[in-house]
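Morning, everyone. One structure today, and I'll be quick. Please have a look at it while I talk.

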Amino acid sequence: PQPPAGRPELAGLLDFEAEHVGGVPKNWNGGPPNTFAVDDTIVHGGRWALRIERSDTSPSDFTAVSKMIPVDFAGAQLELRGFLRTADVSNYAGLWMRQDGDAGMLALENMQARQLKGTTDWTEYSLTLPLNQAAKRLMFGVLASGTGRVWADDLRLLVLHARLLRGLH
């Protein structure tokens, strides 16, 4: 596994160590507002982690924090890895990844079926998607549904090539 070819800057884009604006991770999008921020108290590695915090009064049913990059690389399969920690999550929390083409969504994967809820210590999770040849944009991030808190840190995006996949079977 390796970072997307020709994209050495991805390593810095996936962490939460960059300068922040108003307590929100720089160059990350998300919503609803006021349900996510950077945290310097509970971290897995480095100085900062992402924290999603939802209560009974939080707008919407879930919070999603995301990053978008163009699909300007080749490969057979994408893998998103990251460490998550939860506290009193009522519904579920997890990583998510989506590929879009010119006509909209091509593929979506999230951790809803794994039902990560309650209170858990830092654990590494991953999810994979085959890289669709028609994909133009890749969106990925962290989400929390219901109430509770989830922290994310040390995210990595890997591209697996066909020859590596054949060797893994």
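Start with one side-chain pair: the side chains of Thr86 and Thr120 make a polar contact at 2.7 Å. Keep in mind that this is a predicted model.

Thr86 has a second partner. Its side chain also comes to 3.1 Å from the backbone oxygen of Gly118.

Where does Thr86 lie? In strand β5, which covers residues 77-101.

Is Thr86 buried or exposed? Buried, because its relative accessible area is 1% and the cut-off for buried is under 20%.

Now the neighbours. Leaving aside residues up to four places away in sequence, Thr86 touches Ala93, Leu116, Lys117, Gly118, Thr119 and Thr120. Arg149, Val150 and Trp151 are also on that list. So the two polar partners come up again here, Gly118 and Thr120, because both are among the residues Thr86 touches and its side chain reaches a backbone oxygen in one and a side chain in the other, around a residue that is buried.

Next, strand pairing. Let me follow Ser66. Ser66 in β4 stands opposite Asn29. Which residue is the bridge partner of Ser66 in β8? Gly141.

Now the strands themselves. β1, residues 29-31, pairs with β4, residues 62-70, in the antiparallel sense. That pairing has 3 bridges. β4 also pairs with β8, residues 137-145. Antiparallel too, over 9 bridges.

One general reminder on strands. In a regular strand, side chains alternate between the two faces of the sheet.

Zooming out to the whole protein. There are 2 helices and 9 strands. What is the order from the N terminus? It runs α-β-β-β-β-β-β-β-β-β-α.

Of the 169 residues, 47% are buried. The protein exposes about 8500 Å², and carbon and sulfur atoms supply 50% of that area.

Contacts next. Take those between residues at least 6 apart in sequence. Of these, 75% join residues at least 24 apart.

Last, confidence. Mean pLDDT is 88. And 88% of the residues reach 70 or more.

Which stretches stay under 50? Residues 1-9 are one, and the model has 17 contacts for them beyond four places in sequence. Residues 164-169 also stay under 50, with 4 such contacts. Where pLDDT is low, the predicted coordinates should not be read in detail.

That's it from me. Over to you.

Terms used. Residues numbered from 1 in each chain as written. Predicted model: local features only at pLDDT ≥ 70, side-chain atom pairs only at ≥ 80, totals over all residues. Heavy atoms only, no water. Helix = DSSP H or I, 4+ residues; strand = E, 2+ residues; numbered from the N terminus. Buried < 20%, exposed > 50% of the residue type's maximum accessible area, 1.4 Å probe, protein only. Polar contact = N/O pair within 3.5 Å; in protein donor to acceptor, adjacent residues only side chain to side chain. Contact = heavy atoms within 4.5 Å. Pairing = 2+ DSSP bridges. pLDDT = per-residue confidence, 0-100. Areas by Shrake-Rupley, 256 points an atom, 1.4 Å probe, with all protein chains shown as cover.
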